[in-house]
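Visitor: I have a model open and would like to go through it piece by piece. Can you put it up on the screen?

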Amino acid sequence: MLGEVILTVLAHRPMTGYEIARSFDQALSHFWHASHQQIYRELARLNKQGFVVYRSVAQSGKPDKKRYSLTIAGRAALRRWVVAVTDPPRPHYDLLVKLMAGLLVNKPGLDREITRVQTENSLYLKQLREMDENCRKQPLQTGYDYGLYLALRRGLLLVEAQTLWLAEVKHFLSGGDLGSRGS
């Protein structure tokens, strides 16, 4: 999937490897992660496949940098990928296993971990809400802009749901009931 993410970034505009890595560190970091090494390896693979090309750009006192762009074959591959079947998201979250284990063997430790996760979740929620507010103040001009904003909205809704769920878990751990299950 990393290849498709990189092709998507390059469909927006040509970029250097460094600029692509910065996109992963900033705009994409809320829904996709890749190390700089993974990105550069994938760029080499995509270049070998003919999906991206690069041109060398001279820099003063530094080695040349490579500015990558999408080829016709890369754009066609991205078009095919967009219409391919997407599997539903799969929950793979270690906190769910910790919840089950903690209820069996270490409820106080679980309670501390839930409190820690609540704190981190709260900070992340604040960050996403600020990003959402800032995005609403700026015009969305390209499909890439709209896509990033819609991804931000999904992330925000997921973190809001996580906040509610963590409150339910915390309530249960403090001796409360599970409320109206199934409604």
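Guide: Here it is; note that this is a predicted model. A place to begin is Thr8, which touches Leu78 and Tyr144 when residues up to four places away in sequence are left out.

Visitor: Where is Thr8 found?

Guide: Thr8 is found in helix 1.

Visitor: Is Thr8 buried or exposed?

Guide: Neither label fits: its relative accessibility is 31%, so Thr8 counts as partly exposed.

Visitor: And how far apart are Thr8 and Val159?

Guide: In sequence, Thr8 and Val159 are 151 residues apart. In space, the C-alpha to C-alpha distance is 25 Å.

Visitor: Back to helix 1. What does helix 1 lie across?

Guide: Helix 1, residues 2–12, lies across strand 1, strand 2 and strand 3. Relative to strand 3, helix 1 runs at about 90°.

Visitor: What is the strand order in that sheet?

Guide: The order is 1-3-2, in an open sheet of three strands with antiparallel pairing. Strand 1 (15–16) and strand 2 (52–59) each have a single partner strand, so they stand at the edges and one side of each is left without a neighbour in the sheet.

Visitor: How many bridges are there between strand 2 and strand 3?

Guide: Seven bridges, in the antiparallel sense, with strand 3 covering residues 62–70. One residue with a partner there is Tyr54, whose bridge partner in strand 3 is Tyr68.

Visitor: Two tyrosines, then. How many aromatic pairs does a search of the whole structure find?

Guide: One aromatic pair. The rings are those of Tyr54 and Tyr68, with centres 5.6 Å apart and planes at 55°, so the pair counts as tilted. Tyr54 is in strand 2 and Tyr68 in strand 3, 14 residues apart, and the pair links distant parts of the chain.

Visitor: Why tilted?

Guide: Because planes under 30 degrees apart count as stacked and over 60 as edge-to-face, with the rest tilted, and these planes are at 55°.

Visitor: Is Tyr68 buried or exposed?

Guide: Tyr68 counts as buried, at 6% relative accessibility. Tyr54 counts as partly exposed, at 37%.

Visitor: What lies over the face of Tyr54?

Guide: Lys66, at 4.5 Å from the ring centre. Elsewhere, Lys107 lies over the face of Phe172, at 5.8 Å from the ring centre.

Visitor: Change of topic: how many residues has the largest nonpolar core?

Guide: It has 22 residues. Ile6, Leu7, Leu10, Ile20, Phe24, Ile39 and Leu43 are those with the most contacts inside it. At least two residues each come from helix 1, helix 2 (17–25), helix 3 (36–49), strand 3 and helix 4 (72–83).

Visitor: Which element gives the largest share of this core?

Guide: Helix 1, with six residues.

Visitor: What does Phe24 touch?

Guide: Leaving out residues up to four places away in sequence, Phe24 touches Leu2, Val5, Ile6, Ser29, Trp32, His33, Ala34 and Ile39. Apart from that core lies another, of eight residues, among them Leu95, Ile114, Val117 and Leu166.

Visitor: One last residue, Glu42. Buried or exposed?

Guide: Glu42 counts as buried, at 12% relative accessibility. Its place is in helix 3.

Visitor: Which residues does Glu42 touch?

Guide: Leu2, Gly3 and Ile6, again not counting residues up to four places away in sequence.

Conventions:
Residues numbered from 1 in each chain as written. Predicted model: local features only at pLDDT ≥ 70, side-chain atom pairs only at ≥ 80, totals over all residues. Heavy atoms only, no water. Pairing = 2+ DSSP bridges. Helix = DSSP H or I, 4+ residues; strand = E, 2+ residues; numbered from the N terminus. Contact = heavy atoms within 4.5 Å. Axes fitted to C-alpha atoms, helices over the stretch in contact; angles between N-to-C directions. Core = buried A, V, L, I, M, F, W, Y, C linked by side-chain atoms within 4.5 Å. Buried < 20%, exposed > 50% of the residue type's maximum accessible area, 1.4 Å probe, protein only. Phe/Tyr/Trp six-rings, centres within 6.5 Å; stacked < 30°, edge-to-face > 60°. Lys NZ or Arg CZ within 6 Å of the ring centre and 35° of its normal.
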